[in-house]
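Colleague: Before we discuss this model, I should like to ask on what grounds its features get their names. Please show it first.

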Amino acid sequence: MMFLIFWKNPHCSHYVGGVTSSSGRSPASFPTVLRRTFLLPCSAILPPAVLTLAVFLAACDQGFAPPDAPPTGTLVVDITYENYPDTWPATEDIYELLFVALRFVPKDTTDFLQLNRLVFSDRLQFHVERQTVTLDSIGAGLYPYAGVAHKYGPELFDWRPIGLVEEGGGVIVVSTGETTRVSMSADFLNPPSFPPPEIQ
Amino acid sequence: MNVLKTWWRFAACLCVLRVLAGTNVAGAQDGAVAGRVTSTTGDPMPGANIVLLDTTYGDAASADGTYRIGTVPVGSYRIQASSVGFEAKIRQIDVVANETVHIDFVLEPIAVESREIVVTTTRRDVDAGNTAASISVLTADDLAVRNILALDDALRYVPGVQLTGNEVNIRGASGFSYNTGSRVLLLVDGMPMLSPDAERIPFDLIPVHQIERVEVFKGPGSALYGGGALGGIIHVITKTYPAKPETFVEAYGGAYQPARHAIWRRQWKGAKNPRPLGGVAINHARPLSPNTGLWTNLTYRYDASHLNMNSSRSLQGFSKFTWRTSPDSHVNILAGVNRKTSNTFIYWNGARDALNPGSINIGGPSGSSGTSDNRTQHVSLLPAYTNALSTSTLLQAKVRLFGIFIQPLDDEKKPKPLSKGTIGFRYGGEVQLDYEGAPGRYIIAGVSGDANLTNSSFIGDDAPRSQPEVAAFTQWEEEIGEVKITGGLRFDMYRVRQGETLSKISPRTSATIGMGPSWTVRLAYGEGFRAPSVLERFIESSDYLPIVSNPDLKPETSRSYEIGIRGRPSFGGAPLFTIDAALFLSQYRELVEPKFAPKERSFRFTNFTRARIRGGELELRARILRGRTSLHTGYTYLDAEDLETEESLAFRSTHLFKAGVALTVGPLESGVDLRLASAPEKVDSDFARFVRDAELSSPVQVVDVRIGSYWRGVRVTLHIRNALNYHYLSRPALLGSPRHALLQISTRI
C-alpha cells in the first residue's frame with residue numbers, strides 16, 4: 001500500500017528517471033540527490049501514507065469468526081436393564097445401542113436425522129445388567145426426550161427406544177459447568193411406545 | 001432416435017462435402033501481407049488483431065508487434081488493425097501475386113473502451129453496445145493481469161455473478177444445488193459443455209491461457225442454446241494461432257496465510273503454517289504451414305488449500321488445430337485432457353472447527369465424511385467447420401465429445417476401479433446456417449443433436465443411463481431505422497425413458513432502439529428450461545446421506561423480462577465511459593433441489609417451488625488517462641422470493657457490488673478489485689439437520705491487490721488475494737480463502 005502511494009506521487013515517479021542532475025549544474029552527490037529527489041518530496045506524503053496504512057491494517061481480519069463456546073455441562077446416566085439376562089436379544093440382532101438425548105420430542109424415527117439437535121453416547125456395552133454412561137461437554141439446557149436407542153435392523157431407520165428417562169417428568173436439565181445424574185431402566189421386551197403418546 | 005440419426009448423417013455428409021469442396025478452391029496465385037503494429041509510444045502491440053475485412057484472413061501481432069498474413073488471393077482489400085483500448089485503423093491495400101505487401105500500423109489509445117464484439121446474444125458476431133441483452137465480457141487481458149487460474153476464478157469479477165461454493169449464480173438464478181444441475185450453461189466456441197453425469201460446469205476444461213474472451217449472458221438463453229441456459233450462459237471463445245511461432249511460459253507460486261483464529265489452529269496443525277500453491281503453464285502456438293496452425297498448452301497446478309483434506313493437483317493438456325481449407329472456410333479442432341487428483345472438502349466440523357471436515361454418523365452402513373477423495377479425468381474433442389458459402393451465407397457445423405471419468409481413491413490414495421466411480425460421455429453436434437437476406441436482416445437456422453451416457457456407482461442399477469435430445473432453432477433479426485428487432489424460437493425434445501419423450505418450445509424476442517449516437521434502449525423477453533440431469537433423476541445412494549431416485553422429475557422452466565439502457569455519453573466531444581442499466585424480472589417454476597422426503601425416509605431431488613427474482617443492475621466502465629487507467633464497477637440488487645412459502649429464496653444475496661481499477665505508469669502495472677455481497681437472507685435448513693452450524697452465512701468483502709512490471713519481455717506480478725484477510729463463507733459450512741499471496745512470472749518468446 002505504501003508503495004502504491006509513492007508510485008502515484010509525481011515527485012517520486014520523477015526519481016525513477018531523474019537521478020542525474022539538470023544540465024548546467026555540477027553533479028550532486030548521491031546523498032544529496034537522494035534527499036532532493038526522493039526523501040524531501042516524498043516526506044510530504046508520509047502522513048497520509050501512514051494514515052492509509054493504519055486504516056488498511058485496521059480493516060484487516062474482519063468478518064466471520066468462530067462463535068464463543070456454548071455453555072456445557074456433564075450428564076451421567078445409570079442404566080439398568082430389566083430381567084437381565086433373559087430379555088437381551090442375540091448380539092447379531094443388536095446393530096447399534098446408544099444412549100440418546102434429544103432437544104425435542106420426536107414424532108417419528110426420521111426425526112433422529114436432526115443430528116444437530118441431539119447428543120448420543122458411544123456404543124453401550126452388550127449383555128450387562130447395569131451400566132453408567134457419561135456424556136461430557138454437552139450443551140447446557142433442556143433435553144425433553146432421552147433414553148436408550150436400539151437399532152434392530154440394517155436399514156437406516158430401524159431404530160426404537162427400549163427405555164426412557166422418566167425422572168423429572170422425563171425432562172433432563174443440564175446446567176452450565178455442573179454434572180447432572182439421572183437413572184433409568186430399559187427393557188428389550190417391553191419398549192415404550194413410539195412415537196410418544198402425546199405426539200400420537 | 002431416428003430423427004437424431006438422420007440429422008447426424010446429414011450433418012456429417014454436409015461437413016465432408018464442404019471440406020472437400022473448400023480444399024479445391026485453394027491453389028490460385030497468392031500474395032501476402034506483413035508489417036508491424038505499434039502504439040503511439042513506439043511500443044509493440046502483441047495480440048493486436050489484423051484482419052482483411054469481409055474475409056476470413058487475419059493474424060494476431062506477435063510479441064514484437066509483427067504480423068504476417070500469408071496466401072492471400074490477389075485483389076483489393078481493406079485491412080484493419082485493432083486492439084482493446086486503441087482506435088482501430090483501416091487501410092486499403094492491393095495484393096499482388098507472389099509479393100508481400102508491407103504495411104505498418106500505429107494505434108492511438110482511446111479514452112473509452114473500444115467496442116466489444118460478442119457472439120452469445122445472437123449466435124453471430126455483433127457489437128456488444130447494440131445487443132438486446134445484458135452481457136459482460138472478460139478479455140484475455142482481464143484474465144492475464146489477475147493471474148486467473150480457472151474459469152470460476154474469472155467469473156467472480158463479473159457484475160451480477162456470484163459463486164456459491166463452485167456454483168455459478170447469475171442474477172440469483174441458481175442458488176446452490178449441491179453440485180448437481182447447473183442452471184448456467186457453459187459454451188466452448190458455441191458448443192454446450194456441461195458434464196454428462198450431473199450437468200456441472202467443468203471449470204478446468206479449457207486452460208485460461210487459451211481463452212480469447214469470456215462472455216457472460218445474463219438471463220434465460222434456451223431459445224438460443226437449449227436446455228441448461230435457464231439462468232444464463234458462460235461462453236468461452238478460444239484463441240487462434242499467431243502468424244509467427246510463439247512460446248509463452250508462466251510460473252506462479254505463493255501461500256495461504258496461516259489461520260488467524262487460535263481455536264482453528266488448535267484443531268488442525270496444518271493451519272499454523274503457510275499453505276503453498278503454485279503452478280506452471282507452457283503454451284506454444286505456431287503456423288504449421290501457410291494454411292494450418294496449432295495452439296497447444298500444458299499446465300500443472302498444485303494447491304494445498306487453506307482447509308484440511310482439500311488439496312488438489314492437476315495436469316492439463318490442450319490443443320487447438322486450425323486449417324484454413326480455402327479463403328472462405330476453415331476447420332478448428334479443439335482437443336484436451338485433464339487429470340485432477342483431489343480431496344474435496346464438502347462440509348466443516350462446525351464453526352469452531354471450520355478448517356477440518358465434519359462427519360455424519362446416522363447409523364447407516366458407514367458414517368459419511370465431509371471430504372471426498374477422487375481422481376477425475378476429462379477428455380474433450382471439439383471439431384468445427386465454418387464456410388462462407390457466399391457473401392451472404394455462412395455455414396457452421398460443430399461436433400463435440402466430452403468424457404468424464406471419476407475414480408474414488410482408497411486409503412492409500414490409489415484409484416479404485418471405474419466401476420466404483422463414474423464414467424460418462426456427452427456427444428453431439430449441430431449445423432447452423434446464417435443468411436443475410438438484406439442489409440440489416442439476418443436469419444439463422446439450425447439443428448442440433450445431443451446425447452449422454454452415464455454409468456455411476458451412484459445410480460441404482462448397473463445399466464448406463466442415457467438422455468438423448470434433438471433440437472431445431474431459428475432466429476430472425478431485422479433493422480428498421482434505429483430499431484432492431486429480434487425473434488427466436490427453439491424446439492427441444494429429449495427422451496425421459498424408453499418410449500417417453502418430453503418437448504419444450506422456448507421463444508425469445510427483443511428489440512434495441514437507438515437514441516442518438518450514444519444511447520441504446522433494449523427490451524427483451526426470453527424463456528428457458530433445464531432438463532434434470534441423469535444423476536438428479538436416477539441417483540440411489542446411502543454412502544453420504546440416504547438419497548433415492550426420482551425419475552419423474554420435470555424440467556425447470558423460467559421466463560424473464562428485461563428493460564435496459566446502454567450508453568457512451570460524450571464529454572467535450574469524446575466518450576468518457578460506458579454505462580449499462582437494467583431492470584429485470586424472472587419467474588421460475590419446478591425448481592429442483594434435494595429435499596428430505598419423510599415418506600421415503602430419504603432425500604430425493606424434487607420439483608419443489610415457484611420463484612420470482614426481480615432486481616436491477618448498474619454497470620459502468622471507463623478507460624481514462626489515454627488508456628493507462630481503466631475502471632469498472634457494477635451493482636446488482638436482487639429481490640428473490642419463493643412464491644409458495646413467501647420467504648426469501650435460499651443462497652441469494654440481496655446486494656452485489658463489484659469494482660476494479662487498473663493503473664499503468666511506465667513499466668509498472670497495478671490493480672485493485674473489490675467484491676462485496678450481502679449475506680444471504682436464508683440458507684437451506686435441510687443441510688443444517690446434519691451439519692453443525694450449516695445454518696450460518698456471512699457477507700463477502702474481498703479486496704484483491706496486484707502490482708507488477710513488464711521488463712525485457714518478462715512480466716513479474718505480485719498478487720495479494722483477499723488482502724484484508726476478510727473471513728467469509730463461500731457457501732454454508734465452507735470457509736472462503738483467507739489472504740494469500742502469489743508471485744507470477746511470465747515471458748513470451
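**Cores, sheet and interface**

Colleague: With which residues is B:Val216 in contact, leaving aside its neighbours within four places in sequence?

Modeller: In this predicted model, B:Val216 is in contact with B:Ile135, B:Ser136, B:Leu155, B:Val158, B:Val161, B:Ile170, B:Gly232 and B:Ile234, once its neighbours within four places in sequence are set aside. Contact here requires C-beta atoms within 7 Å, so each of these eight names stands for a pair that meets that cut-off.

Colleague: What makes the largest nonpolar core a core, and which residues have the most contacts inside it?

Modeller: The term asks for buried residues of the nonpolar kinds joined through C-beta atoms within 7 Å, and the largest such set has 63 residues. B:Val216 belongs to those with the most contacts inside this core, together with B:Leu155, B:Leu187, B:Val188, B:Ile234 and B:Val236. Strand β14 of chain B, residues 184-188, supplies the largest share, five residues. A second core, of 55 residues, is separate and includes A:Leu102 as well as B:Met309, B:Ala354 and B:Leu355.

Colleague: How do you know which strands of the open sheet in chain B are its edge strands?

Modeller: The five strands are ordered β11-β16-β17-β14-β15, with mixed pairing, and β11 (134-139) and β15 (191-192) of chain B each pair on one side only, which is what identifies them as the edges. Pairing itself needs at least two bridges; β14(B) and β17 (residues 232-238) of chain B are joined by five and run parallel, so these two strands satisfy the criterion. B:Val188 stands opposite B:Val236 in β17(B).

Colleague: Why are 16 residues on the side of chain A that touches chain B called nonpolar?

Modeller: They are called nonpolar because each is of a kind listed as such, from Ala and Val to Cys and Pro; the remainder of that side divides into six polar and three charged residues. In all, 25 residues of chain A are in contact with 32 residues of chain B. The elements giving two or more residues to this side of chain A are α1 (2-8) and α2 (10-17), and α1(A) gives the most, with three residues.

Colleague: How is chain B divided into domains, and what separates their centres?

Modeller: The domain assignment gives domain 1 (2-107) and domain 2 (117-748) of chain B, and their centres, taken over C-alpha atoms, are separated by 31 Å.

Colleague: What share of chain A counts as buried?

Modeller: Of its 200 residues, 16% count as buried, which means that this share has 20 or more other C-beta atoms within 10 Å of the residue's own.

Methods. Residues are numbered from 1 along each chain as its sequence is written. Chains are lettered from A and ligands numbered from 1 in the order in which they are written. This is a predicted model: local features need pLDDT of at least 70, side-chain atom pairs count only at pLDDT 80 or more; totals for chains, interfaces and linings use all residues. Two residues are in contact if their C-beta atoms, placed from the backbone, lie within 7 Å. Helices (H or I, at least four residues) and strands (E, at least two) are DSSP runs, numbered from the N terminus. A residue is buried if 20 or more other C-beta atoms lie within 10 Å of its own, exposed if 12 or fewer, and partly exposed in between; C-beta atoms are placed from the backbone. Domain bounds come from an automatic or database domain assignment.
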